[in-house]
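Reader: I am new to this structure and would like to know what stands behind the words used for it. Please take me through them one by one.

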Amino acid sequence: MAQRAMREREARLGRPRGAVGTAPHAVVLVLPGGGPGGRRGATAAAAAVPLARRLARAARDEPLVAHVVRYRSAATDTAPSESPPEDPAEALAHDAEWAVGEAVRRYGDVPVCLAGADIGGRAALRAAGHEAVSSVIALGPMLEDDGDPVRQLLGRHVLIVHGTDDARCDPELSFRFAERAKKVNADVCRFEVHTAGHGLRQHSFEVAALAQDFVLGTLCGRDLCRPLTDALAAPPPLGLRMPLAAGFGRTLRS
């Protein structure tokens with residue numbers, strides 16, 4: 001039973017989607033919100049599957065594979081004398097770093113995009129320092145008051161998307177984070193989804209379309225859409241408060 005519990009605590013990659021059975025040229029690792037273990041974690045992992053599936057399918061002829069990262073489960077047999085548990089955000093960042101390393105082990109020297117939501121978005125931003133990471137997507141990231149580092153984002157393309165009515169993850173924190181990140185890395189942009197709350201559910205199609213275009217541009221060599229190129233080129237605050245238009249993506253690509 002003890003050995004089984006240890007296996008459950010290990011991080012792992014969910015089943016591959018996309019270029020299965022071939023040697024992929026790029027990998028997307030989707031980091032769920034909700035944190036490790038428990039019913040909420042399982043629900044968040046299931047909610048991340050549609051994005052992984054969409055990104056893998058969108059690549060079409062480009063051999064791209066996507067995985068949902070399964071975080072380490074919360075330990076249930078820790079003795080009182082053992083050291084206190086890790087900070088959840090730090091633990092998830094470690095899991096994300098492990099996932100990048102595992103992707104490189106499986107697929108070789110391929111570019112990786114980390115795409116996370118909620119606390120998974122924070123983990124994606126923190127784990128971006130791995131040399132294999134080319135781009136990062138953070139959807140409604142759960143950040144702290146100016147306490148998250150930004151220098152690991154140097155040389156990466158970064159997309160942050162946040163709902164203006166998010167009552168759980170303060171959108172102003174992601175704006176201030178993007179401001180700091182833009183000072184060390186010009187390839188940072190941030191989109192605001194007006195009237196959207198946490199989870200961006202009312203505009204899930206538009207958010208997924210934007211993430212899809214970003215992944216295809218940063219991993220597969222396709223041209224970025226005009227809103228992304230404009231946001232990346234615009235100086236702050238314009239490129240960090242770019243509105244995501246309703247209906248975005250319906251006429252970009254079939």
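Author: What follows is a set of questions and answers on a predicted model.

Reader: What makes up the chain, in helices and strands?

Author: The chain has seven helices and nine strands. Of its 254 residues, 51% count as buried. Among contacts with a separation of 6 or more, 72% are between residues 24 or more positions apart.

Reader: Why is His 203 called buried?

Author: Buried means under 20% relative accessible area. His 203 has 18% relative accessibility, so His 203 counts as buried. His 203 is in the loop between S8 and H6. Leaving aside neighbours within four places in sequence, His 203 is in contact with Val 193, His 194, Thr 195 and Ala 196.

Reader: Why does Asn 185 count as buried?

Author: The cut-off is under 20%. Asn 185 has a relative accessible area of 5%, and therefore Asn 185 is buried. Asn 185 lies in the loop between H5 and S8. Its contacts, leaving aside neighbours within four places in sequence, are with Leu 153, Leu 154, Gly 155, Arg 156 and Val 158. The C-alpha atoms of Asn 185 and Val 150 are separated by 8.8 Å, and these residues are 35 residues apart along the chain.

Reader: Why is Ala 233 called exposed?

Author: Exposed means over 50% relative accessible area. The value for Ala 233 is 63%, so Ala 233 is exposed. Ala 233 is in helix H7. From C-alpha to C-alpha, Ala 233 and Ala 186 are 8.0 Å apart in space, with their places 47 residues apart in sequence given as the separation.

Reader: How do you know that the buried residues of H7 are on the same side?

Author: Helix H7 spans residues 226–233, and its buried residues are Leu 228, Ala 231 and Leu 232. They cover an arc of only 95 degrees around the axis, which puts them on the same side of H7. An α-helix has 3.6 residues a turn, so residues three or four places apart point the same way. On the other side of H7, Arg 226 and Ala 233 are exposed.

Reader: What covers the buried residues of H7?

Author: The cover includes strand S7 (157–163), helix H5 (171–184), strand S8 (188–193), helix H6 (204–219) and strand S9 (242–243).

Reader: Why is helix H4 described as largely enclosed?

Author: Helix H4 is made of residues 119–126, and eight of its eight residues are buried, so H4 is largely enclosed by the rest of the structure. The buried residues of H4 include two arginines by name, Arg 122 and Arg 126, along with Ile 119, Gly 120, Gly 121, Ala 123, Ala 124 and Leu 125. Among what covers them are S3, helix H3 (88–107), S5, strand S6 (133–139), S7 and H5.

Reader: What makes a set of residues a nonpolar core, and which residues have the most contacts inside the largest one?

Author: The members are buried nonpolar residues joined through side-chain atoms within 4.5 Å. The largest nonpolar core has 41 residues, and those with the most contacts inside it are Val 28, Ile 137, Leu 159, Val 161 and Phe 191. H6 supplies the largest share of this core, eight residues. Apart from it lies another core, of 38 residues, among them Val 69, Val 136, Leu 143 and Phe 175. In soluble globular proteins, nonpolar side chains tend to be buried together.

Reader: What does Phe 191 touch?

Author: Not counting residues up to four places away in sequence, Phe 191 touches residues including Leu 159, Val 161, Leu 210, Leu 228, Ala 231 and Met 242.

Reader: What lines the largest pocket?

Author: The largest pocket has a volume of about 740 Å³. Its lining has 27 residues, of which Ala 47, Ala 48, Ala 117, Gly 199 and Arg 201 lie nearest its centre. H2 gives the most, with eight residues. By class, the lining has 14 nonpolar, eight polar and five charged residues.

Reader: What makes a space a cavity rather than a pocket, and how many cavities are there?

Author: In a cavity a 1.4 Å probe fits but cannot get out, whereas a pocket is open. The count comes to two cavities of 30 Å³ or more. The second largest has a volume of about 30 Å³. Leu 143, Glu 144, Asp 146, Asp 148, Leu 173, Phe 177 and Arg 180 line this second largest cavity. They divide into three nonpolar, no polar and four charged.

Technical notes
Residues numbered from 1 in each chain as written. Predicted model: local features only at pLDDT ≥ 70, side-chain atom pairs only at ≥ 80, totals over all residues. Heavy atoms only, no water. Buried < 20%, exposed > 50% of the residue type's maximum accessible area, 1.4 Å probe, protein only. Helix = DSSP H or I, 4+ residues; strand = E, 2+ residues; numbered from the N terminus. Arc of directions from axis to C-beta. Contact = heavy atoms within 4.5 Å. 1 Å grid on protein atoms, 1.4 Å probe; cavity = no way out; pocket = protein on both sides within 12 Å on 5 of 7 lines; lining within 4 Å. Points joined across faces, edges and corners; volume = space filled by probe spheres on them. Nonpolar A, V, L, I, M, F, W, Y, C, P; charged D, E, K, R; others polar.
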